[in-house]
Amino acid sequence: MTIFVLPISVTKKLESLASKFWWNEDVTKRSIHWLRWSKLTNPKLEGGIGFKRMAELNLSLAAKQSWKLLNDTDSLWATTLKENFKLHHPTTRPENINLVADLTLPNSSSWNLDLIQETFSEEESKLILSIPIGHMNAADSLIWHYTNSGIYSAKSGYKLLTSNPGGDNSHLSSFWKSIWNLGGPPKLSCFIWRCATNSFVVQSNFQARNISAFATCKVCNQEDETLTHMLFHCPTSKQTWFASNLGIITQNMNFNSFIDWWIDVSDYLANASMKGQILRVAYICWNICLARYALIFHQKVVDPIATVRAALQGFTSHPTSCNQLSALRPSSSPTAKWLLPPSGR
Ligand SMILES: [Zn+2]
């Protein structure tokens with residue numbers, strides 16, 4: 001991949017295998033892809049997972065050889081390649097113009113206007129003439145515009161190939177950053193990411209894809225099982241949030257998406273000096289799902305108190321959570337001292 005440009009069929013096949021593996025570890029089985037591959041290849045701070053687009057990755061890596069070829073013109077490998085493959089500069093410019101200095105007036109720092117206009121199109125001439133000429137008398141060299149060092153890197157090449165000038169997801173970048181930096185295990189961040197991208201397995205998503213005719217919640221049989229219903233409006237979920245003692249009320253919640261809810265809860269916790277409790281919130285969401293699966297697939301009832309306890313257990317297993325818990329305790333408890341009991345009668 002770093003030397004040859006692969007056929008598009010090969011890069012597509014590689015992408016297909018990566019996508020299958022993401023949605024189902026057993027790539028030999030059929031699986032539902034809840035999000036398009038193009039979404040998964042977005043950077044993590046733009047709502048994707050950061051998978052690489054294979055064709056673009058291939059080009060950006062192979063371009064490194066071209067860059068070396070253009071810069072190490074006297075090296076043995078470059079000379080051999082040029083001789084064997086009869087390589088020439090891929091340009092239509094006249095052979096007597098190789099350097100920027102060939103386009104300036106002799107012993108001057110001014111463009112050779114006549115030569116430029118004779119050689120290039122009107123548009124190209126305008127672009128060239130708009131470039132100021134330096135006075136440093138430095139030797140000509142190739143500069144890659146997209147890195148600070150001016151040297152080509154595969155990373156900058158890939159970024160250039162995949163950048164989307166029309167798209168701007170920067171307003172949510174702090175949200176995506178917060179879920180990838182939760183401080184819990186990666187599976188928990190992945191779970192929250194799936195909630196945020198509505199790629200979680202709920203009945204309404206099955207129905208939307210014509211996989212199931214019904215979307216009714218299998219726990220309460222009262223409403224359609226959407227992500228919102230599953231996490232917040234199902235009776236046992238409401239009880240779980242109530243029992244969590246975090247002050248998060250789901251009764252009359254009014255939000256358009258999971259992302260809106262998460263941002264609101266993060267703000268609420270930050271204002272209450274409980275910023276780190278967002279990890280506990282993530283664990284509660286996660287354990288609500290586990291409790292539902294236990295009931296649906298194993299007919300095992302998990303009461304809301306046990307769900308809250310399991311979430312707290314997960315939360316306290318992380319070192320960073322200890323400070324958060326101590327901050328929640330009443331200020332008198334850490335300083336309480338043992339006192340001599342009153343003497344008996
Ligand atoms: Zn329900």
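Which residues does Ile-284 touch, not counting residues up to four places away in sequence? I would like to start from that one side chain and work outwards, keeping in mind throughout that what we have here is a predicted model. The residues that Ile-284 touches, with that exclusion, are Thr-240, Ser-244, Val-308 and Ala-311. Ile-284 itself lies in helix α14, and we call Ile-284 buried because 25 other C-beta atoms lie within 10 Å, where the cut-off for a buried residue is 20 or more. One of those partners, Ala-311, is 27 residues away from Ile-284 in sequence, and yet the two C-alpha atoms are 5.1 Å apart in space.

Let me put that into the setting of the whole chain. The protein has 17 helices and zero strands, and of its 345 residues, 18% are buried. If we take the contacts with a separation of 6 or more, 52% of them are between residues 24 or more positions apart.

Thr-240, which Ile-284 touches, brings us to helix α12, residues 235-243, where the buried residues are Ser-237, Thr-240 and Trp-241. Looking down the axis of α12, these buried residues fall within an arc of 95°, so they line one face of the helix. The elements that cover them include α11, α14 and α15, the last of these being residues 304-316. After α12 comes Asn-245, which has a positive phi, near 65°.

I turn now to helix α13, which runs over residues 258-271, has 14 residues, and reaches 20 Å from its first C-alpha to its last, close to the 20 Å expected at 1.5 Å a residue. Its buried residues are Phe-258, Trp-261, Trp-262 and Leu-269. Because these four cover an arc of only 100° around the axis, they sit on the same side of α13. On the other side of α13 we find Asp-267 and Asn-271, both exposed. The cover over the buried residues of α13 includes α8, α9, α11 and α14. Just after α13, Ser-273 takes a positive phi, of about 55°.

Two of the helices in that cover, α9 and α14, also pack against each other. Their angle is about 75°, with the axes 10 Å apart, which means that α9 is roughly perpendicular to α14. On the α9 side the contact is made by Leu-188, Phe-191, Ile-192 and Cys-195, and on the α14 side by Ala-282, Tyr-283, Cys-285 and Trp-286. Sorted by class, this contact has eight nonpolar residues, no polar ones and no charged ones.

As a second packed pair, let me take helix α1, residues 8-23, and helix α3, residues 54-71. Here the angle is about 120° and the axes are 8 Å apart, so that α1 is oblique to α3. From α1 the contact involves Ile-8, Thr-11, Leu-14 and Glu-15, and from α3 it involves Met-54, Ala-55 and Asn-58. The classes in the contact of α1 with α3 are four nonpolar, two polar and one charged.

To close, let me return to where we began: Ile-284, in α14, touches Thr-240 and Ala-311 among others, and α14 is also among the helices that cover the buried residues of α12 and of α13.

Notes. Residues numbered from 1 in each chain as written. Predicted model: local features only at pLDDT ≥ 70, side-chain atom pairs only at ≥ 80, totals over all residues. Expected span 1.5 Å × (residues − 1). Buried ≥ 20, exposed ≤ 12 C-beta atoms within 10 Å, placed from the backbone. Arc of directions from axis to C-beta. Contact = placed C-beta atoms within 7 Å. Axes fitted to C-alpha atoms, helices over the stretch in contact; angles between N-to-C directions. Parallel < 35°, antiparallel > 145°, perpendicular 65-115°, else oblique. Nonpolar A, V, L, I, M, F, W, Y, C, P; charged D, E, K, R; others polar.
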